[in-house]
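Here are my notes on the model, written to be read with the structure open beside them. I begin with the question of confidence and end with the charged side chains.

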Amino acid sequence: MLLLAALVAGSTGCAARADAADYRAFAAEAARRGLWREAELRWQQALELQPGDAELLNNLAVAAEALGNYNEARRLYRRALDLEPGNETIRDNLLAFSDAHPGLLDDGEDEPAGDAGGETNGD
């Protein structure tokens with residue numbers, strides 16, 4: 001965890017001056033290490049600086065799913081896809097989610113078309 005803190009502090013000179021790119025990098029490293037709560041926190045901080053960013057919403061959905069927060073993951077995937085309907089990564093992640101958690105998309109909405117996948121955007 002100290003290494004991750006040094007990553008943000010070192011890239012900005014001070015964690016208080018971190019920008020969205022710093023939070024994205026921190027979150028991506030935390031996710032690679034399986035530290036999903038930390039990744040989720042940093043992606044949320046980035047989203048505060050870049051509201052409505054579909055890739056950040058997708059990454060938050062991946063984190064929510066990894067943490068077992070399936071209703072939140074579904075909501076975030078759908079919100080991200082609404083913002084960027086042509087984004088194949090988000091569409092693939094929502095399809096993979098629906099395959100992994102059948103019944104959780106039974107909210108009257110159609111599933112997105114395409115092949116299943118599942119990945120963060122590396123941010």
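1. A buried arginine. Let me start with a residue worth finding on your screen: R24 is buried, with a relative accessible area of 11%. Please keep in mind throughout that this is a predicted model. I come back to R24 and its partner in point 6.

2. Confidence. The protein chain has a mean pLDDT of 83, and 72% of its residues reach 70 or more. Two stretches deserve some care when you look at them. Over residues 8–15 the pLDDT stays under 50, and the model has 12 contacts for them beyond four places in sequence. Residues 113–117 also have a pLDDT below 50, and this stretch has 12 contacts in the model beyond near neighbours in sequence.

3. Overall make-up. What secondary structure does the protein chain contain? The count is 6 helices and 0 strands, so read from the N terminus the elements run α-α-α-α-α-α. Of the 123 residues in the chain, 42% are buried. Among contacts with a separation of 6 or more, 45% join residues 24 or more positions apart. The surface that the chain exposes comes to about 6,400 Å², with carbon and sulfur atoms supplying 47% of it.

4. The nonpolar core. In soluble globular proteins, nonpolar side chains tend to be buried together. Here, the largest nonpolar core has 26 residues, and A39, W43, L76 and Y77 are the ones that touch the most other members. Which elements give two or more residues to this core? They are α2 (20–32), α3 (36–49), α4 (54–66), α5 (70–83) and α6 (88–100). The largest share, 8 residues, comes from α4.

5. Y77 up close. If you would like one residue to click on in the core, I suggest Y77, one of those that touch the most other members. Leaving aside neighbours within four places in sequence, Y77 is in contact with N58, A61, V62 and E65, and also with I90, N93, L94 and F97.

6. R24 and D53. Side chains of opposite charge can pair when their charged atoms come close. By the rule used here, the model has 5 salt bridges. In one of them the side chains of R24 and D53 meet, with 2.4 Å from N to O. Why does this pair tie together separate parts of the chain? R24 lies in helix α2 whereas D53 lies in the loop between α3 and α4, so the salt bridge links parts that are 29 residues apart in sequence. Is D53 buried or exposed? D53 is buried, because its relative accessible area of 18% falls under the 20% cut-off.

7. A small charged network. E29, R32 and R33 are linked in a network of salt bridges. The closest N and O atoms of R32 and E29 are 3.4 Å apart, and for R33 and E29 the value is 2.7 Å. R32 and E29 both lie in helix α2, 3 residues apart, which is about one turn of the helix. How accessible are the members of this network? R32 is exposed, with a relative accessible area of 59%. E29 counts as partly exposed at 21%, and R33 also counts as partly exposed, at 45%.

Key:
Residues numbered from 1 in each chain as written. Predicted model: local features only at pLDDT ≥ 70, side-chain atom pairs only at ≥ 80, totals over all residues. Heavy atoms only, no water. pLDDT = per-residue confidence, 0-100. Contact = heavy atoms within 4.5 Å. Helix = DSSP H or I, 4+ residues; strand = E, 2+ residues; numbered from the N terminus. Buried < 20%, exposed > 50% of the residue type's maximum accessible area, 1.4 Å probe, protein only. Areas by Shrake-Rupley, 256 points an atom, 1.4 Å probe, with all protein chains shown as cover. Core = buried A, V, L, I, M, F, W, Y, C linked by side-chain atoms within 4.5 Å. Salt bridge = Lys/Arg side-chain N within 4 Å of Asp/Glu carboxyl O.
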